[in-house]
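Please open the structure in a viewer and keep the sequence panel at hand. The tour below proceeds by selections, each followed by what is to be found there.

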Amino acid sequence: MDFDLLVIGAGSGGLAAAKRAARHGAKVAIIEGNRVGGTCVIRGCVPKKLLVYGSEYKETLQNAESYGWDIKNNGCNSQVLLANVRKEVDRLNQIYIKSLESAGIELITGWASFVDAHTIKIGERCVSASNILIAVGGAPTRLNIPGGELGWVSDDLFEAEQLPESILIIGAGYIACEFACILAGLGVKVTQIVRKHRLLNEFDTELVKAVETEMQELGIKLEFGCSPNSIQKQGNNYYVNCTRNNYDPTASEQLSFNAMAVLQAAGRGAFLKNLQLEAAAITHEKDRIIVNEYQQTNVAHIYAVGDVTNRVNLTPVAIDEGRAVADNVFAGIKRVVNHEIIATAVFTQPEFACVGLSEDEATNRFGIENIVIYKAKFRSLQQALPAAGPRCILKLVVAKTSNQILGCHMVGNHAAEIIQMAAIAVGMGATKADFDRTMALHPSISEEFVTMV
């Protein structure tokens, strides 16, 4: 065999696995047909978070006067922001390439396809490996409707030279909500088209409602219950034609929304294009490769991690899965990734972050009589002088008998940073009593988690 480990995909999971395997002494190569860094670094988390920071200056400038600053706000030059974000992405891309060189990992450029269970073809070159890891990630999907090929997906937005004056965003998940807030903060008129009657279906209902309210106060127009039927382009405008169902199927109505741009953010799927998985007899479904707890496919020496498995589509999960594969195969450590307690954040404005069970999930699992809910709702001290801006909501979901914290949720400034630390406690099985005897750091937002009664 040419290599001990051949990794397909130089994104977060693939890079983590390749570097850990090389550290264990394996001979490793990694194949990438696009840019090293993957979705997170090139067209996902990193550039998105930079755009979040850029969009937050609108509120900062608006509030500056209340803190004594005389600042004339002339708006954001989106061309400068977008160019600077791409420049930073380029810098990170080069850092990742150099890190592979330093680790002694061969980078093979091109698109991979299986020849058999041990052989991969890249262009005219064929390479073999004792173990193969598929870490190709996911890709945005387009709506299967007339005109579904029109408009942007999230990848395209990062390549835009400047932003439109108005946009229609189709979707209700992370990507749709985050971009709605980013673009609204940058001065774009945003209409978000949502098929169901709420955003962020997998999250705590009460806190989602708070996010919806704050998004509307940002000027985002939320159109609920609207199922897109077609997309059309007429002149400089895009039209999304929808059927609105206001809870009553017999009372539906036909609507059409228009704007200068359309962003389809209604889902992602595993990027299985051109892999020729059948040549290696790898079991897969339309939107994922099926793996066991050790990330193995049905072919014992072939593994898959990250979004291509469509299990938990988060960068830190892909990284841990990749490292676990390398540890298991090359260090003899039988390690299984825990997919149960994973902190997540949605970088809306305000931020929404959580770890553990939502109130809805805990109620369904244990019954409402067996849980206790603690909440705090307030405006942070940072918003005291402008007397405006989003309120913070913090919630603890607690098991009534054991007093164990089942879930920790927050909407507000720095929610992601705060929940990251709370995740340690929740993961260790902390109780409400453990939180109560923790001395508060005052004045802070996070102190509310240890002072709730």
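Which residues does Ser 128 touch, not counting residues up to four places away in sequence? The model to be inspected is a predicted one. Select Ser 128 and display its surroundings: the residues touched are Met 1, Asp 2, Phe 3, His 118 and Thr 119. Ser 128 itself has its place in strand E6. Its relative accessibility is 15%, and because buried means under 20%, Ser 128 counts as buried.

**From strand E6 to helix H8**

Extend the selection to the whole of strand E6, residues 125-134, and add helix H8, residues 315-330. Strand E6 is among the elements that cover the buried residues of H8; helix H1 (12-23) and strand E18 (302-304) are also included in that cover.

Next, show H8 alone. The helix comprises 16 residues and spans 23 Å from its first C-alpha to its last, close to the 22 Å expected at 1.5 Å a residue. Colour its buried residues: Val 317, Ala 318, Glu 321, Gly 322, Ala 324, Val 325, Ala 326, Asp 327 and Asn 328. Glu 321 and Asp 327 thus belong to the buried set, as do Val 317 and Val 325. Then move past the end of the helix to Gly 332, which follows H8 and has a positive phi, near 70°.

**The three-stranded sheet**

Select strands E11 (226-234), E12 (237-244) and E13 (253-259). Together these three strands form an open sheet in the order E11-E12-E13, with antiparallel pairing. E11 and E13 are the edge strands, each pairing on one side only. From one strand to the next, the twist averages 20°.

Now restrict the view to E12 and E13. Seven bridges join these two strands, which run antiparallel. Within this pair, label Cys 242 and Leu 255: Cys 242 stands opposite Leu 255, which lies in E13.

**The second largest pocket**

Finally, display the second largest pocket, in which about 850 Å³ of space lies. Select Glu 56, Glu 59, Thr 60, Gln 383 and Asn 413, which lie nearest the pocket centre among its 34 lining residues. Helix H3 (45-64), helix H7 (205-217) and helix H10 (415-427) are the elements that give two or more residues to this lining. Which element should be highlighted for the largest share of the lining? Highlight H3, which contributes 12 residues.

Key: Residues are numbered from 1 along each chain as its sequence is written. This is a predicted model: local features need pLDDT of at least 70, side-chain atom pairs count only at pLDDT 80 or more; totals for chains, interfaces and linings use all residues. Side-chain values use heavy atoms; hydrogens and water are left out. Two strands pair if DSSP finds at least two bridges between them. Helices (H or I, at least four residues) and strands (E, at least two) are DSSP runs, numbered from the N terminus. Axes are lines fitted to C-alpha atoms, for helices over the stretch in contact, and angles run from 0 to 180 degrees between N-to-C directions. The expected span of a helix is 1.5 Å times one less than its number of residues. Buried means under 20% relative accessible area, exposed over 50%, partly exposed in between (1.4 Å probe, protein chains only). Contact means heavy atoms within 4.5 Å. On a 1 Å grid over the protein atoms alone, a cavity is a set of points where a 1.4 Å probe fits but cannot get out, and a pocket is an open set with protein on both sides within 12 Å along at least five of seven lines; lining residues have an atom within 4 Å of a point. Grid points are joined across faces, edges and corners, and a volume is the space filled by probe spheres set on the points.
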